[in-house]
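Visitor: I am new to this structure and should be glad of a guided account. May I put my questions in turn while we look at it?

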Amino acid sequence: MSVINFEYSQITTDILVSYIKNEYIELNPFKCTWNKEQKESFIKNLCLGFPVTNIVLDKQNNILKGKNKIITLYEFLNDDLLIKNDQAREIVKNNINYFTKESFNRTLISILTRDYLKHKKIELVFSSLPNILQEKLKNSIINITILNFRKEDKSLVENYINEY
């Protein structure tokens with residue numbers, strides 16, 4: 001019987017994005033299987049303060065579990081994901097203090113806050129968020145489990161990952 005060794009680590013979302021940009025963690029050839037609503041819901045929950053649940057990597061930094069989360073985070077923090085409608089309204093509603101505080105300094109934040117209060121359509125990208133909310137998101141902690149296993153145990157590990 002083989003033994004799977006593992007270790008835990010924590011990184012911020014900002015560091016995760018830099019690892020991807022520097023190809024320390026590679027996203028290719030992965031495609032996100034989440035639809036637009038799932039991506040928007042995930043980002044909304046992060047903006048509400050919910051943690052990113054565990055990501056699993058192997059010792060070579062291959063993503064075993066959490067690909068959709070990682071891709072969605074990467075897209076959002078690089079302004080490649082537009083949050084619209086109800087999800088955007090929820091983000092503004094639950095962070096209205098940040099929006100109103102910063103609306104005096106940034107025209108875009110002022111427009112977003114005004115449109116929210118007038119029940120108009122809102123669209124958000126990462127850079128359109130108040131600075132304090134951007135910092136909170138960049139500094140969100142991600143729990144990483146790193147599995148160390150033999151090549152012959154790969155199917156055992158894949159079964160575990162798919163089951164849990």
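Visitor: In what order do the 4 strands of the open sheet lie?
Guide: This is a predicted model, and in it 4 strands form an open sheet with mixed pairing. The twist averages 35 degrees from one strand to the next. The order of the strands is β1-β6-β2-β3.

Visitor: Which are the edge strands?
Guide: An edge strand here pairs on one side only. That description fits the strand of residues 5–12 and the strand of residues 63–65. The edge strands are therefore β1 and β3.

Visitor: In which sense do β1 and β6 pair, parallel or antiparallel?
Guide: Strands of a sheet pair through backbone hydrogen bonds, in either of two senses. Strand β6 covers residues 141–148, and 8 bridges link it to β1. Within β6, Thr 145 stands opposite Tyr 8. The sense of the pairing between β1 and β6 is antiparallel.

Visitor: At about what angle to β2 does helix α3 run?
Guide: Helix α3 consists of residues 67–77 and lies across β2, β3 and β6. Strand β2 itself covers residues 52–58. The helix runs to β2 at about 110 degrees.

Visitor: Which strands does helix α8 touch?
Guide: Helix α8, residues 154–163, packs on the sheet. Its direction makes about 45 degrees with that of β3. The strands touched by α8 are β2, β3 and β6.

Visitor: How is α1 oriented relative to α3, roughly parallel or roughly perpendicular?
Guide: Two packed helices are described by the angle between their axes and the distance between the axes. The axes of α1 (residues 13–21) and α3 come within 10 Å and cross at roughly 95 degrees. Angles of 65 to 115 degrees belong to one class, so α1 is, relative to α3, roughly perpendicular.

Visitor: How many residues of the contact of α1 with α3 are nonpolar?
Guide: From α1 the contact draws on Thr 13, Leu 16, Val 17, Ile 20 and Lys 21, and from α3 on Ile 70, Leu 73, Tyr 74 and Leu 77. By class, 1 is polar and 1 is charged. The number that are nonpolar is 7.

Visitor: How many charged residues has the contact of α2 with α3?
Guide: The axes of α2 (residues 36–47) and α3 come within 10 Å and cross at roughly 75 degrees, so these two helices are roughly perpendicular to each other. Lys 39, Phe 42, Ile 43 and Leu 46 of α2 meet Lys 69, Thr 72, Leu 73, Glu 75 and Phe 76 of α3. Of these residues, 5 are nonpolar and 1 is polar, while the number that are charged is 3.

Visitor: Is Ile 122 buried or exposed?
Guide: Ile 122 is found in the loop between α6 and β5. Leaving aside neighbours within four places in sequence, its contacts include Ile 83, Val 92, Leu 112 and Tyr 116. Its relative accessibility is 1%, and the limit is under 20%, so Ile 122 counts as buried.

Visitor: How far apart in space are Ile 122 and Ala 88, C-alpha to C-alpha?
Guide: In sequence, 34 residues separate Ile 122 and Ala 88. Ala 88 is also among the contacts of Ile 122. The distance in space, C-alpha to C-alpha, is 6.2 Å.

Visitor: Which residue forms a salt bridge with Glu 102?
Guide: Glu 102 has its place in helix α5 and is buried, with a relative accessible area of 10%. Beyond four places in sequence, its contacts are Ile 109, Pro 130, Asn 131 and Ile 132. Side chains of opposite charge can pair when their charged atoms come close. In the salt bridge of Glu 102 the closest N and O atoms are 2.7 Å apart, and the partner is Arg 106.

Visitor: How far apart are the closest N and O atoms of Lys 36 and Glu 40?
Guide: Both residues lie in helix α2, 4 residues apart, about one turn of the helix. Lys 36 is partly exposed at 32% relative accessibility, whereas Glu 40 is buried at 8%. They form a salt bridge whose closest N and O atoms are separated by 3.1 Å.

Conventions
Residues numbered from 1 in each chain as written. Predicted model: local features only at pLDDT ≥ 70, side-chain atom pairs only at ≥ 80, totals over all residues. Heavy atoms only, no water. Pairing = 2+ DSSP bridges. Axes fitted to C-alpha atoms, helices over the stretch in contact; angles between N-to-C directions. Contact = heavy atoms within 4.5 Å. Parallel < 35°, antiparallel > 145°, perpendicular 65-115°, else oblique. Nonpolar A, V, L, I, M, F, W, Y, C, P; charged D, E, K, R; others polar. Buried < 20%, exposed > 50% of the residue type's maximum accessible area, 1.4 Å probe, protein only. Salt bridge = Lys/Arg side-chain N within 4 Å of Asp/Glu carboxyl O.
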